Each structure stands twice: as structure tokens, then as C-alpha cells.
Amino acid sequence: MVRNIVVLGGSSHPQLNNRICSHLGIPPAKIVLAKFSVGETRVEIGESVRGKDVFIIQSGGGKVNDHLMELLITISACKTASAKRVTAVLPLFPYSRQSDIPYNKTGAPLTKAPTNFNRPDSYTFESRPQTPNPGTPESVGLNGSTDGLLKRLSKSQFEDQNGSLPPYGSQKGRYPGARPGPMKRSNTSDSVKSEVGEARERNSSTQMNDDALSFAPRAGYKQWVAQAGTLVADLLTCAGADHIITMDLHDPQYQGFFDIPVDNLYGRPLLKKYIQYSIPDYKSAVIVSPDAGGAKRATAIADAFGMDFALIHKERRPTRITDRQNATMMLVGDVANRVAILVDDLADTSNTITRAAKLLKKEGATKVYALLTHGILSGDAIERINASALDKVVVTNTIPQEENQSRCPKLEVLDVGTVFAEAIRRVHHGESISVLFQYD
Ligand SMILES: O=P(O)(O)OC[C@H]1O[C@H](OP(=O)(O)OP(=O)(O)O)[C@H](O)[C@@H]1O
């Protein structure tokens, strides 16, 4: 039982909040989280936090923007109510993949569930809705998009009565995607298409809408993308957070964006325990990093167990947009006739791990496990995993996994409640938490 401490749970992960409170031996504090009909967040704290050490548990999955706003308002409410210290506990830190560069992966997180993928054998590894590509068929959930643009650019829309195109800039001639100056009718369609193609190249990371495309054709124009990670760090601090506790930040250097203490816990000890106790003959297996970015994490585990290590290199320099969906993956190392254990910090669309698993099986791996700290599994990630060569996917519950588990028999979940409860207890008592950071 810990005294003078208040643990408030946001709406992102009530189960984890309950687990943490039960480990600490305290009841979750009363809080009313609601929405006005306009969609604004309303927070009401149901008990006194005056002079208390307050911990607010809010994770970054699901409706991430709503959860972030709810967290900011709750922090501010506690500060206004004279809390002694407010610690934001973010098991999955939102926006931490956008710390300095735009989120530029192929297969951006998806928002629409596929409608006809109950049968794994009918599944393809395309993202749905896919990033619009020239010549590829429209996928489920993608209505219009660039095809719509091309339709809108059809001659009937821009031609005058004589069948010629008006100059750019005239009311009727403001066709998106066109360069300034007169344009010959005969090459309209081709040039527009090639410009749209260029636009797609530059915008492949996100689902573009037609308006976004209209920016693209200007030669030399560089799109500026907000560094949202920096903003989120500032927002938390401005709201009044005195301390941050999180786990496996995608980029550990992100801690440097804060001028308050950030405790970045590791999910690695949990994953290591799983390897030790649940993978038969694990010493003869191979630890595999599915990309160069995760090599350090994966080698830390391989070194600790004296296991072999392999790396998958993701080619990120496709020459054509159509290559992006099939960006090359190359295996460096040997997995033939061995169990392969993929280790990464997160799976979002699951493109990375499913494609890696396919490659590993092709290279002779007998079984493929994927061990991840954060199972974001957005869009059609679950269907993709079900239809993939992966034999087992192990994630922690930094975000809720109940629904995912009910849909994915390959999914196993490890509990981080104890780790966070222990971190909170130690922070509250001013004890060192370095023991929770240990790699080995
Ligand atoms: O499930 P997915 O949607 O495929 O995303 C998962 C991948 O994304 C992240 O890396 P990222 O591609 O951002 O590159 P990095 O590791 O080099 O930073 C993460 O480390 C995974 O490797």
C-alpha cells in the first residue's frame, strides 16, 4: 500500500490502469472522462489531489489524438488543483515516431477495416486502402482518390466550347496538377498523369487527397512536414507534466526533446523471459532484426543469450512508386533449418514483420516468432498476420490487446502492469529505477 499517491487512468487503457493500481494496492482514483456533443473532451477529477503525487496512465494507441488531448487536460486539471507533482505515464508514447522526420513508411496506418478478408487464403499483402499508385486497381475502401482526380481532369471539365484548354490561372483553367502556362490539348492527359505520378512519389507516405496533389507539380517545391514529436513534448510540459514514464521509445533520443525527466523503461526483459521459457531450444535459434533501425535492440538480446544474429535490410530507395509496395528485403545471416525470432519495438501495419517472415521462411527458417513491445496492429494488421508465414506474434499490453487476441490465434500478450507499477512505486519513493532499465 502506497500513501499520498493518486493514480488516474485515462480512457485509452483502463485494464492496465486497474492492473497497476492492484499491484500498488490502491484503488484507481475517481475521474469522469466524457465528450461534449461537439467532440471536445471533458475531464472532471473526482477526488482531491492537493499536495499529492499524481500519476496519469494514458497510452498512445487507439484514438491517439483524443487520448493525447485528454491527457493534456487531465495534467492541467491536476496542476490547477495543486497536485504536488504530476507524472504522465505513457506506456506507448504517441507521436514518438515523428520526432524529427515525417512518418514516411509505405502502408501508412489504416483506418478502415477490410470487408472481405475473413478468409486468410483470399488475403493479399496490399495495404487497404492502399497508397494510390499508377496503374494499380482501386482497393477496398479507396473511393476515387487519384482516379477521381484524373476524372476531374478529363477534357470535358477544362475544355472550352472549341475544345481547347484555357490558360492556367483563368477561372476555368485552375486544374490541379497543371504547370503554369498554356498547355496543348494533345498532351494534357499524359502530362497530368506524369505530374500526378511525381506527386505520388513525393507523397507516398501518406494517403493523399486531391487537394494535396494540387501542390505537387510545381517544380522545386518542397513539402514541409511538422515535427509533431517536438510539439507533443512541448505540449506535455506546458500542460504541467513534471515527469514522464514510458517504454521502448521508438527513438530513445526523443528523451532529449524534454526538459523534464523521462524514464524510458525497457520491454526487453519481458521478451527475454518469453524466449527463455517459451521457445524450445532457444539457444539454437537466430535473433533477427527486421530492419537496420532495430538492430541494436535485437543484438542486445542475442548478445545476452549468446545467440546468433541476422539482419534484414529494407531497401528504401525504390526508383519507381510501384516498387514501394514491394520494397526489397535482403537477409544478412543464415536461418536455414533454424527457428527465427524477429525482435522489434513495434508492429503497426505489420507489413515489416509479415514480409520479414515470408523472407525468413523462404530462406529456410523452420518457425518464425515475432517479439514486439508495442502491438499497435492498426488497419488490417491482424488479417495480415493471420494470413502470414508468422507462427507466433508476442506483444506486450502497452496498448489494449483483448480485441486483437480474440481475432488472432497467433497473438500472445505479455503484461507490463508490474513493470509500470514498480516504476511508479520507485519514482514515488525517490528510489532508483535503473534496475528496470536493464538490458540483460
Ligand atoms: O508494422 P509496420 O507498419 O511495418 O511498422 C513497423 C516498423 O516501423 C518502425 O520502424 P520504421 O520503419 O519507422 O523505421 P526505423 O526503425 O528505421 O526508424 C518499427 O521499428 C518497425 O520496424
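## Exercises on loops, buried polar residues and helix packing

S82 has a relative accessibility of 30% and therefore counts as partly exposed, a value computed, like every other value in these exercises, from a predicted model.

**Exercise 1. Backbone of two loop residues**

Determine where S82 lies in the chain, and compare its description with that of N337, asking whether N337 is buried or exposed.

*Solution.* Step one is to place S82, which belongs to the loop that runs between α2 and β5 (85-90). Step two is to read its backbone angle: phi of S82 is near 70°, which is positive although the residue is not glycine. Most residues other than glycine have a negative phi. Step three turns to N337, which is located in the loop between β10 (329-332) and β11, and whose phi, near 60°, is again a positive value in a residue other than glycine. Step four settles the accessibility: N337 has a relative accessible area of 66%, and since this is over 50%, N337 is exposed.

**Exercise 2. The surroundings of Q58**

Work out whether Q58 is buried or exposed, and find which partners its side chain reaches through polar contacts.

*Solution.* First, locate the residue: Q58 sits in the loop between β4 (53-57) and α2 (64-80). Second, apply the cut-off of under 20%; with a relative accessible area of 2%, Q58 is therefore buried. Third, list the neighbours beyond four places in sequence, which are G10, S11, S12, H67, E70, L71, V89, L90 and P91. Fourth, look for polar partners: the side chain of Q58 comes to 3.0 Å from the backbone oxygen of H67, and a polar contact of 2.8 Å links the side chain of Q58 with that of E70. Finally, set sequence against space, for Q58 and H13 are separated by 45 residues in sequence, yet their C-alpha atoms are 6.6 Å apart.

**Exercise 3. H243 and N17**

Establish which side chain forms a polar contact with that of H243, and then which residues N17 touches.

*Solution.* Begin with H243, which is part of strand β6 (residues 243-247) and is buried, its relative accessible area being 8%. The side chain of H243 is joined to that of D263 by a polar contact of 2.7 Å. Setting aside residues up to four places away in sequence, H243 touches D263 together with R85, V86, T87, A88, I260, P261 and V427. Continue with N17, a residue of helix α1, which at 7% relative accessibility counts as buried. With the same exclusion of residues up to four places away, N17 touches V7, L8, G9, P28 and I57.

**Exercise 4. The pair α1 and α14**

Describe how helix α1 packs on helix α14, giving the angle and the distance between their axes.

*Solution.* Two packed helices are described by the angle between their axes and the distance between the axes. For helix α1 (residues 14-24) and helix α14 (residues 417-429), the angle is about 55° and the axes are 8 Å apart. That angle makes α1 oblique to α14, and the two helices cross in a right-handed sense. On the side of α1 the contact involves L16, I20, H23 and L24, and these meet G417, T418, F420, A421, I424 and R425 of α14. Sorted by class, the contact of α1 with α14 contains six nonpolar, three polar and one charged residues.

**Exercise 5. The pair α8 and α9**

Repeat the analysis for α8 and α9, and then find what the buried residues of α9 pack against.

*Solution.* Helix α8 (residues 268-278) packs with helix α9 (residues 295-305) at an angle of about 50°, and their axes are 11 Å apart. The angle makes α8 oblique to α9, and the crossing is right-handed. In this contact, R268, K272, I275 and Q276 of α8 meet R297, A300, I301, A304 and F305 of α9; by class, there are five nonpolar, one polar and three charged residues. The next step is to take the buried residues of α9, namely A295, R297, A298, A300, I301, A302 and F305, and to note that they pack against α8, β8 (286-289), β9 (308-314) and β11 (339-347). Just after α9, G306 adopts a positive phi of about 65°.

Technical notes
Residues numbered from 1 in each chain as written. Predicted model: local features only at pLDDT ≥ 70, side-chain atom pairs only at ≥ 80, totals over all residues. Heavy atoms only, no water. Helix = DSSP H or I, 4+ residues; strand = E, 2+ residues; numbered from the N terminus. Buried < 20%, exposed > 50% of the residue type's maximum accessible area, 1.4 Å probe, protein only. Polar contact = N/O pair within 3.5 Å; in protein donor to acceptor, adjacent residues only side chain to side chain. Contact = heavy atoms within 4.5 Å. Axes fitted to C-alpha atoms, helices over the stretch in contact; angles between N-to-C directions. Parallel < 35°, antiparallel > 145°, perpendicular 65-115°, else oblique. Left-handed = near helix turned anticlockwise from the far one by under 90°. Nonpolar A, V, L, I, M, F, W, Y, C, P; charged D, E, K, R; others polar.
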